[in-house]
Amino acid sequence: MKQKEETMKISVFILCGGKSTRMQSEKGLVLFQDKPFIEHIIQAILPITDNIKLVTASKEYDYLEYEKIPDLIVDKGPLGGIYTALSHSETEFNLILSCDIPLISTELLQELISKHTKEAEITVFASESKTHPLIGIYSKNIVPIIKEAIDSNELKMMDLLAKLPHQIINIEESENFHLTNINSTDELNDLNINLT
C-alpha cells in the first residue's frame, strides 16, 4: 500500500493567468453553468487531492480558500506560471492545469496521474489533432530548464516538451471536448450550445 501512496503524492497548481483580452475579464472566473470555470476545475480535483494552489496575483480569487502565488517572473505566459508553480512546489510531481477548462473531469485527471511514469519529466494528453500541455504532470526537477527557456525568451510550451523526456497519453478525438480551453465569449457560447 505504501508504494501506491508515494507515487500519488502530488500537488495541483491552477494557472489563473492574467486578464484575458478575449474574455475581457479574469478567465478563471468566467461563468459556465452558473459557476466560475475555476470552481468546475477545483471540483474535478478534490476527489484526488485538496493540495491545490492558484498561480495568480489577482485579488478576485481571494474568495477561494486556496493559497495564491503571484508569478515569480511576470508576463512569461503559461511557462512563467509553470515555473512559479514548480518553484513553490514541495512534491516532485505536480499536476498543472490552466483555468479555462471547465469540462475537465476527475476521471481524466486520474487517468493522467495513473498512467504517468516516473521516467517522464512531463506527461500530457494528446489526440491526433491536438496536444494539451496545460493539462499535465510536471516534475519539479525541470525548474532549471524552464528558467533557461524563460531567460532566452523561448516561451512556447511545445518547445519545452521537445527538450525533455515526456510522455504522451493518447486520447480519442472525441475526448478533446472535455479538455477544451475556452478563450473567448464565442467559444463559451459554442460550449453551452453543444451541451444543450
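## Strands E6 and E7

In this predicted model, strands E6 and E7 run parallel and are joined by three bridges. Lysine 53 of E6 stands opposite glutamate 67 in E7. Lysine 53 also has a counterpart in strand E1, where phenylalanine 13 stands opposite it.

E6 is covered on both faces. Ile52 and Leu54 are buried on one side, and Lys53 and Val55 are buried on the other.

## The sheet as a whole

E6 and E7 belong to an open sheet of seven strands with mixed pairing, in the order E7-E6-E1-E8-E10-E9-E11. Strand E7 (67-69) and strand E11 (166-170) are the edge strands; each has a single partner, so one side of each lacks a neighbour in the sheet. From one strand to the next, the twist averages 25°.

Strand E1 (residues 10-15) runs parallel to E6 (residues 52-55), and four bridges join the two. Within this pair, isoleucine 14 has leucine 54 of E6 as its bridge partner.

## Helices packed on the sheet

Two helices that pack on the sheet are H2 and H3. Helix H2 (residues 37-45) touches E1, E6 and strand E8 (93-98), and its direction makes about 170° with that of E1. Helix H3 (residues 77-88) touches E1, E6, E7, E8 and strand E10 (131-139), and its direction makes about 20° with that of E10.

H2 is largely enclosed by the rest of the structure, because seven of its nine residues are buried. The buried residues are Phe37, Ile38, His40, Ile41, Ile42, Ala44 and Ile45.

## Strand E8 and its partners

What are the pairing senses of E8 with E1 and with E10? E1 and E8 pair in the parallel sense over six bridges, whereas E8 and E10 run antiparallel and are joined by five bridges. Isoleucine 96 of E8 takes part on both sides: phenylalanine 13 stands opposite isoleucine 96, and isoleucine 96 stands opposite glycine 136 in E10. Phenylalanine 13 is thus placed opposite a residue of E8 and a residue of E6.

Six of the six residues of E8 are buried, so the strand is largely enclosed by the rest of the structure. Both of its faces are covered, with Phe93, Leu95 and Leu97 on one side and Asn94, Ile96 and Ser98 on the other.

## Helices H3 and H5

H3 also packs against helix H5 (residues 143-151), at an angle of about 150° and with the axes 10 Å apart. Because angles over 145 degrees count as roughly antiparallel, H3 is roughly antiparallel to H5. The crossing of H3 past H5 is left-handed.

On the H3 side, the contact is made by Leu79, Gly80, Ile82, Tyr83, Leu86 and Ser87. On the H5 side, the contact residues are Val143, Ile146, Lys147, Ala149 and Ile150. In an α-helix, residues three or four places apart point the same way, because there are 3.6 residues a turn.

## Confidence

The chain has an average pLDDT of 90, and 92% of the residues score at least 70. Where in the chain is confidence lowest, and where is it highest? It is lowest in helix H1 (residues 2-8), at a mean of 43, and highest in E6, at 98.

Over residues 1-7, pLDDT stays under 50. For this stretch the model has one contact beyond four places in sequence.

Note on methods:
Residues are numbered from 1 along each chain as its sequence is written. This is a predicted model: local features need pLDDT of at least 70, side-chain atom pairs count only at pLDDT 80 or more; totals for chains, interfaces and linings use all residues. Side-chain values use heavy atoms; hydrogens and water are left out. Two strands pair if DSSP finds at least two bridges between them. Axes are lines fitted to C-alpha atoms, for helices over the stretch in contact, and angles run from 0 to 180 degrees between N-to-C directions. Contact means heavy atoms within 4.5 Å. Buried means under 20% relative accessible area, exposed over 50%, partly exposed in between (1.4 Å probe, protein chains only). pLDDT is the predictor's confidence in each residue, from 0 to 100. Angles under 35 degrees count as roughly parallel, over 145 as roughly antiparallel, 65 to 115 as roughly perpendicular and the rest as oblique. A crossing is left-handed if the near helix is turned anticlockwise from the far one by less than a right angle, and right-handed if clockwise.
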